[in-house]
Amino acid sequence: MLLLDVSHTSHTAANTGIQRVCRKLHAELVDRGLAVGIVYDPYARHWRKLDTEERRLMAFDAEDNLGTKRKASWSKAQRWRGRWWRVWRAHPLRITGVYDSLIAPEFFSPTVYAAYSQLCGISGPQVAVFHDMIALHLPQFAPAKTLLRYPEYLRELARFDGIAAVSEFSRADMVSWWSKNNVRGPSSTITVHLASDLVESPPVSATCRSGSKKLLCVGSLEGRKNHVSLLDAAELLWNKGMDFELHLVGMVNRETGAAALSKVHALQAAKRPLYYHGAVTDASLARLYRESWCTIQASLMEGFGLPIIESLRHGVPCITTPGGSLGEVARGGGCLLLENATVDTIAGGIRRLSTEPDLYDRLRREISLRSFRSWWDYAQDISQYCYSLKPSA
């Protein structure tokens, strides 16, 4: 039996990349009885199993779960209960017994990392999932607290028994940072690519009900996602008479996404065919994918590029760039690769896919030849990796 640390995700209604990975692992491992979801309770000051509210947030299957903040939030009842447990030493949800391994799939806090030493009932290795080093590469777009935290976080990762990076790009990035900073990492680091949900039906239409083509972009509104360039490109095409709708999905990062949100509001005020959906449920996101003509992922940098795989899994071509992890995900076909992610190249890519039916059909054929991993595949790979390792002495 494995332990799965979901301390942050079980206390946020955000469902961006890391939270999606955490929730999918929880669904595949915990719901199948292969792991126990755990949370570090800072008020009780111990590890425990999830309560009813935390399990609800991990399921993320209702509209009322949707939120606008990534920050973890504890209810008043959870805070008072934790303090009561600490004072009276009553711990009905406390972790007991012996477990085979610990999986840390989140970007953990210093408090949570320090608390890992309290988990005495682990007979096997401790494994972390590594997502990216974007904060260090693009500090101008990183929240201040995240930027300050990252070097120590990377040093803490090096003390795990194994690391499963979400892309080869991220794995190589992490190993390179350790080397440059004289940090000795674990003897085993591997790449385990992320997955996508099963799709029960093909895209329902290549056009929206209005007759205008629907272009979809999935990703938090934040600086590194490059939404401003995408919006400028869309405005350029609209000014030239091109007929399409642009749909954006994702919560706003208040620290780095203000410029993009301001641009969204300005275009909407100008009556442009721009639709900002904010955070949506998985079911609503799947519907948007199915209804889309194509998607676009023009980020400056990603740890993996989950929306690309999700788009292709729904049979929808994606416009993206060939560098880093985005190129790694796009390598199997189905993507129109831009030279870079500037306004002109983004506009050119959208125009090409709209006016060159042979190109569009070729990308659709490439998608049909690709094979896609399920989240159960991903969960199995992670758990098998845990069982293949030996804990450090």
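Colleague: I would like to learn how to read this model. Which strand pairs with strand β8 in the parallel sense over two bridges?

Modeller: Strand β11, residues 294-296, is the partner of β8, which covers residues 213-218. Please keep in mind that this is a predicted model. To follow the pairing on your screen, look for Leu216: its bridge partner in β11 is Thr295.

Colleague: What order do the strands take in the open sheet?

Modeller: A general idea to begin with: in a regular strand the side chains alternate between the two faces of the sheet. Here, six strands are arranged as β10-β9-β8-β11-β12-β13, with parallel pairing. At the edges sit β10 (274-276) and β13 (335-337), each pairing on one side only. From one strand to the next, the twist averages 25°.

Colleague: And which strands does helix α10 lie across?

Modeller: Helix α10, residues 282-291, lies across β8, β9 (244-249) and β11, and it runs at about 135° to β8. Helix α11, residues 306-313, also packs on the sheet, where it touches β8, β11, β12 (318-320) and β13. The direction of α11 makes about 155° with that of β12.

Colleague: Where can I find a hairpin?

Modeller: Try β2 and β3, which form one with four residues between them. Strand β2 (residues 35-41) and strand β3 (residues 46-49) pair in the antiparallel sense over four bridges. Ile38 stands opposite Lys49 in β3. In the turn, Arg45 has a positive phi of about 60°.

Colleague: How do I describe two helices that pack together?

Modeller: Two packed helices are described by the angle between their axes and the distance between the axes. For α1 (residues 17-30) and α15 (residues 375-388), the angle is about 85° and the axes are 9 Å apart. These two helices are therefore roughly perpendicular to each other. Among the residues that meet are Val21, Leu25 and Leu29 in α1, and Trp375, Trp376 and Ile382 in α15. By class, the contact of α1 with α15 has eight nonpolar, one polar and two charged residues.

Colleague: How many disulfides does a search of the whole structure find?

Modeller: Zero.

Colleague: Why is there no bond between Cys22 and Cys386?

Modeller: The sulfur of Cys22 has its closest cysteine sulfur in Cys386, but they are 13 Å apart, so they are too far for a bond. A disulfide needs the two sulfur atoms within 2.5 Å.

Colleague: Are these cysteines buried or exposed?

Modeller: Cys22 counts as buried because its relative accessibility is 0%. Cys386 also counts as buried, at 1% relative accessibility.

Terms used
Residues are numbered from 1 along each chain as its sequence is written. This is a predicted model: local features need pLDDT of at least 70, side-chain atom pairs count only at pLDDT 80 or more; totals for chains, interfaces and linings use all residues. Side-chain values use heavy atoms; hydrogens and water are left out. Two strands pair if DSSP finds at least two bridges between them. Axes are lines fitted to C-alpha atoms, for helices over the stretch in contact, and angles run from 0 to 180 degrees between N-to-C directions. Contact means heavy atoms within 4.5 Å. Buried means under 20% relative accessible area, exposed over 50%, partly exposed in between (1.4 Å probe, protein chains only). Angles under 35 degrees count as roughly parallel, over 145 as roughly antiparallel, 65 to 115 as roughly perpendicular and the rest as oblique. Ala, Val, Leu, Ile, Met, Phe, Trp, Tyr, Cys and Pro count as nonpolar, Asp, Glu, Lys and Arg as charged, and the others, Gly among them, as polar.
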